[in-house]
Amino acid sequence: MALSIDVVIPSFRPDEQYLLPVLGLKRPAGAVVRFYLVIDDPAAKLPEAIRGMADNNTIFIIVNEKNMGAAAARNRGIDASAGEWVLFLDDDVLPEPQLLEAYAAAAAEQPAATGFIGLVRFPPALTRFSQAVLASGSMDIFNIAERRASFAWAATANVMVRRGAMDGLRFSTAFPASGGGEDVDFFLDLMTRNNGQRLHCVPQAAVSHPWWNNGQPGYKRPFRYGIGNSLLGALHPQFTYYDFLNTPETLLLLCLLLPLPGWTGAVLLMMGGVICIEFIANAVQVQKRYPGSSITAIYYAAVLRLAQDVGVLWGKLKKGQLYRIGERFHDDGRIRKINFYRSNTYRTVKWLLYPALAIGVALWRASVN
C-alpha cells in the first residue's frame, strides 16, 4: 500500500509567496500526497495563482464560513482528509525542496511512530528585539529537531502525525483562537494516548519562517501565548508543580499589602526593587547565554518574559483560579519531583538579591519611623 500524506495548512491571510512553494513541493516517489488549504477568513482574497491549482483531487481549498481560529481550522483539515499521515504546516513558512521526501523516508523507516517533528529555521537575528527573542529561550521549540532525538510536542508550523495515533483526537478550541497553548495540549494528549511515545525529530524536514513583525518589538504574542498556556495546568495536572512566585505574582501579592496602615511606602519601595531585580537577573542570564548582548536586547528579553508571565497570571485570574498562582508546568511532558531550591543563573541572582532588598526596605522603614 502506497504511503499517503495529507498536508493541512490553515490560513487567515493566504499569501502566494508562501503557499505556492508549499503546494508545488516535489512529491516523494510512490507516495500519495494531498494538500488541504483551509481559509479561515471568508473575506480573504485568494490569489488566482492558488485558486487555479485547486483540482479537488490533490489540492483542495476549504473556506470557513467565519473565522474559527487556527485550532478549528486544523481540525477541519483533519476531518476533510483521509491520508495515513497528516502534515501540519503554517501558511507563512517556506519549505526546503526535500521536505516531503524527508518525512516520507522517516515514515517508511518508522511506520508505527506517533509522529515526526521537523525543523523551523529563522533568518539571522539582525534587530535587537529578534536577538532578545532568541536570548529569552521562547524560540527553542522551533529548532528542537536539531537538538533532540525526540520530544513531547512541537510547533504546528512543521510537524507530521500518524492519523491512527490520533484516534479521534483534535485540537482544543478552548484556547485563544489566534493561538497559544493548543499545540502543547494536543501533543501531550497524543503522547498520553500512545503510552508515552514521543515525537521523533527529523531535522532534514526543514522550513524557513520569517520574523514576526520583521523583528520589531511586539508583546501581544507572548502575552496571548501566556493566556493560552495558563490553561495547561488545569488540563494536564500530572505535569504541574508549585514553585516560588515569579515577578508578576510577587507584585500582585505586594499590591494586596498596600492598604496596610504605615506600610504603603515600604511596599512601593519593595515593588520597585522586585522590578529592578527582575531586570538584573535577566541581564546576567542573557549575558551568560549571549556574551556581549546590548542593554536594549537585555531590556527586551526581560519585558518578553514579563509579558508571558503576566499573560499566564491573567489567564488564571480571569477564571478565578487563585489557588493556581505559583503553579508551574512541565511542557516537556515529564513527571518528576521538583526541588524548590534547584537553581539556574536567573533564579540564583534573584534569590541572592531578594534578601538584600528585604533588609534594605526594613532598614529604610526603621529610619523613617
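## Exercises on ring pairs and buried residues

At a relative accessibility of 8%, F129 counts as buried in this predicted model.

**Exercise 1.** Classify the aromatic pair formed by Y36 and F60, and work out which parts of the chain this pair links.

*Solution.* Begin with the whole structure, where a search finds 16 aromatic pairs. One of them joins Y36 and F60, whose rings lie 4.7 Å centre to centre with 5 degrees between the planes. Because planes under 30 degrees apart count as stacked, the pair of Y36 and F60 is a stacked one. Next, locate both residues: Y36 belongs to strand β2 (residues 32-39) and F60 to strand β3 (residues 59-63), so that the pair links distant parts of the chain, 24 residues apart. Finally, consider accessibility, for which the cut-off for buried is under 20% relative accessible area. Y36, at 6% relative accessibility, is therefore buried, and F60, at 18%, counts as buried too.

**Exercise 2.** Decide whether the pair of F129 and Y219 is stacked or edge-to-face, and state where each residue lies.

*Solution.* The ring centres of F129 and Y219 are 5.7 Å apart and their planes stand at 85 degrees, so this pair is edge-to-face. As a second step, place the residues: F129 is in helix α5 (residues 128-136), whereas Y219 is in the loop between β9 (199-208) and α9 (220-229), and the pair therefore ties together parts that are 90 residues apart in sequence. For accessibility, recall that F129 is buried at 8%, while Y219, with a relative accessible area of 24%, is partly exposed. As a last step, look at the surrounding rings: ring pairs link F129 and Y219 with F279, Y299 and Y300 into a cluster.

**Exercise 3.** Find which rings have the charged ends of R305 and R365 sitting over them.

*Solution.* Taking R305 to begin with, its charged end sits over the ring of Y346, at 3.7 Å from the ring centre. Turning to R365, its charged end sits over the ring of W263, and here the distance from the ring centre is 3.8 Å.

**Exercise 4.** Describe the surroundings of A155, beginning with its place in the chain.

*Solution.* A155 is located in the loop between β7 (150-151) and β8 (158-162). Its relative accessible area is 10%, and A155 is therefore buried. If residues up to four places away in sequence are not counted, A155 touches I141, F142 and D183. For D183, which is 28 residues from A155 along the chain, the C-alpha atoms of the two residues are separated by 6.6 Å.

Definitions and conventions: Residues are numbered from 1 along each chain as its sequence is written. This is a predicted model: local features need pLDDT of at least 70, side-chain atom pairs count only at pLDDT 80 or more; totals for chains, interfaces and linings use all residues. Side-chain values use heavy atoms; hydrogens and water are left out. Rings of Phe, Tyr and Trp (its six-membered ring) pair if their centres lie within 6.5 Å; planes under 30 degrees apart count as stacked, over 60 as edge-to-face and the rest as tilted. Helices (H or I, at least four residues) and strands (E, at least two) are DSSP runs, numbered from the N terminus. Buried means under 20% relative accessible area, exposed over 50%, partly exposed in between (1.4 Å probe, protein chains only). A charge sits over a ring if NZ of Lys or CZ of Arg is within 6 Å of the ring centre and within 35 degrees of the ring normal. Contact means heavy atoms within 4.5 Å.
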